[in-house]
Amino acid sequence: MRSVRFYPEAWPLHTAFVISRGSRTEARVVAVEIEENGIRGVGECTPYARYDESEASVMAQIASVVTAIEQGASREQLQHLLPAGAARNALDSALWNLETQTSGLNLWQLTGTEPLASVSMAQTVSIGTPEEMAEAALALQKKGATLLKIKLDDRLIAERLVAIRTAVPNASLIVDANEAWQSDGLAERCQLLADLDILMLEQPLPAGEDSALENFIHPLPICADESCHTVEGLPALKGRYEMVNIKLDKTGGLTGALRLAQEARALGFEIMLGCMLCTSRAVRAALPLTAGAKFIDLDGPTWLAQDVEPPMKFHCGGIDVAGSA
């Protein structure tokens, strides 16, 4: 017989995050523990308001399926008990974690994925003045980051990017517009990014308005984030995007994410792997997806002033996976 426990957690953020992104001082996650025969599996999720999720709504969704989970519902059955999203991710992750302990196999082995000893990842440059962003990019590069993810809104696009490229002429750069742009002027902005040797543009238009990308000729790859959640949405992205950003909180866990990655590759999409603000638990749950990803953006825990025990071994621009075991 299983037992299920779930609860909210608050993790303090680094001062740098608070300064760069407003007054928010903590990351809020929901943790799930599933215990069976004295062995406990743990998972977590980050409720995301952009997807109409809150701590309360996620807790309510989890509560609605506790009886089924305690009666032995499998990961496959879970896919039909809850819709894709944060709540299902927390439960799915806990079930995977439980199986690693009951089987004696790790996630790489359970998913048939070649294990990686280390992972290179993007480090985020938050929105600020051109001077602030250039300074942040240079500081990250000096600490070892080789791939920088530049967050942008709809202001000072050229000024910010030129300042950053001048500060770090040899760094690999990708840009996340966070749905902030419009179709008018998009061609010119894409050309600017290409001229500055930007490798990829993520979600320039609001989800639901990306029909403007249909047959849109652009000089660099465009990645779907908010426009891509599950495998069912992939057909609509063909001819609009070249890449999809997979996050467990969108797919509803590793189970759905593996399916999305497999089908995306079959349809010709490249893969980006991302995360929300989270602890190392969430990054561990996503590790099997790292091997096939072109860009990896798992720096969520690096914004925390305190991480879950034991933490993953992060360094600026990467993760020592072998050392985190």
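In this predicted model, a salt bridge joins the side chains of R50 and E179, with a nitrogen-to-oxygen distance of 2.8 Å. The two partners come from distant parts of the chain, 129 residues apart. R50 sits in the loop between β3 (39–45) and α2 (55–64), while E179 belongs to the loop between β7 (172–176) and α9 (186–195). Their surroundings can be compared through accessibility: R50 is partly exposed, at 36% relative accessibility, whereas E179 is buried, with a relative accessible area of 14%. The general idea behind such pairs is a simple one: side chains of opposite charge can pair when their charged atoms come close.

The model holds 20 salt bridges by the rule applied here, and two further examples are worth following by eye. K151 and D176 meet through their side chains at 3.0 Å, N to O. This pair also links distant parts of the chain, with K151 in strand β6 (residues 147–151) and D176 in strand β7, 25 residues apart. Are these two residues buried or exposed? Both K151 and D176 are buried. In the other example, D154 forms a salt bridge with R189, and the closest N and O atoms are 2.6 Å apart. Here D154 lies in the loop between β6 and α8 (157–167), and R189 in helix α9, with 35 residues separating them. D154 is partly exposed, at 39% relative accessible area, and R189 is likewise classed as partly exposed, at 22%. Some salt bridges share partners, and in this way K149, K151, D176, E202 and D297 are joined into one network.

The nonpolar side chains come next. In soluble globular proteins, nonpolar side chains tend to be buried together. In this model, the largest nonpolar core has 64 residues, and the members that touch the most others are L148, I150, L201 and V244. Helix α11 (residues 254–266) supplies the largest share of this core, namely five residues. Apart from this core lies another, of 20 residues, which includes V30, I62, A86 and A87. To see what surrounds one member of the largest core, L148 is a helpful place to look. Beyond its neighbours within four places in sequence, L148 is in contact with Q123, V125, A137, L140, V168, A171, S172, L173 and I174.

Strand β8 (residues 198–202) is largely enclosed by the rest of the structure, because four of its five residues are buried. On one side of the pairing pattern, β7 and β8 run in the parallel sense and are connected by three bridges. Within this pairing, L173 has I198 of β8 as its bridge partner. The chain travels from β7 through α9 to β8, making a β-α-β crossover that is right-handed. Strand β8 also pairs with strand β9 (residues 222–224), again in the parallel sense, over two bridges. In that pairing, E202 has C223 of β9 as its bridge partner.

That cysteine raises another point. How many disulfides does a search of the whole structure find? The search finds zero. C223 is in no disulfide, and the nearest cysteine sulfur, belonging to C228, is 8.0 Å away. C223 is also buried, with a relative accessible area of 0%. For C316, the closest cysteine sulfur is that of C275, and at 15 Å it is too far for a bond. C316 is buried too, at 16% relative accessible area.

Two more residues show how the helices meet other parts of the chain. N89 is located in helix α5 (residues 86–103) and counts as buried, at 3% relative accessibility. Leaving out residues up to four places away in sequence, N89 touches E44, C45, L248, D249, G252 and G253. I69 is part of helix α3 (residues 66–70), and its relative accessibility of 0% makes it a buried residue. With residues up to four places away in sequence again left out, I69 touches R2, V4, I34, L78, L91 and L95. For a sense of scale across the model, I69 and T302 are 233 residues apart in sequence, and their C-alpha atoms are 32 Å apart in space.

Methods:
Residues are numbered from 1 along each chain as its sequence is written. This is a predicted model: local features need pLDDT of at least 70, side-chain atom pairs count only at pLDDT 80 or more; totals for chains, interfaces and linings use all residues. Side-chain values use heavy atoms; hydrogens and water are left out. A nonpolar core is a set of buried Ala, Val, Leu, Ile, Met, Phe, Trp, Tyr and Cys residues joined through side-chain atoms within 4.5 Å. Buried means under 20% relative accessible area, exposed over 50%, partly exposed in between (1.4 Å probe, protein chains only). Contact means heavy atoms within 4.5 Å. A salt bridge is a side-chain nitrogen of Lys or Arg within 4 Å of a carboxyl oxygen of Asp or Glu. A disulfide is a pair of cysteine sulfur atoms within 2.5 Å. Two strands pair if DSSP finds at least two bridges between them. A crossover is right-handed if, with the strands pointing away from the viewer, the path from the first strand over the helix to the second runs clockwise.
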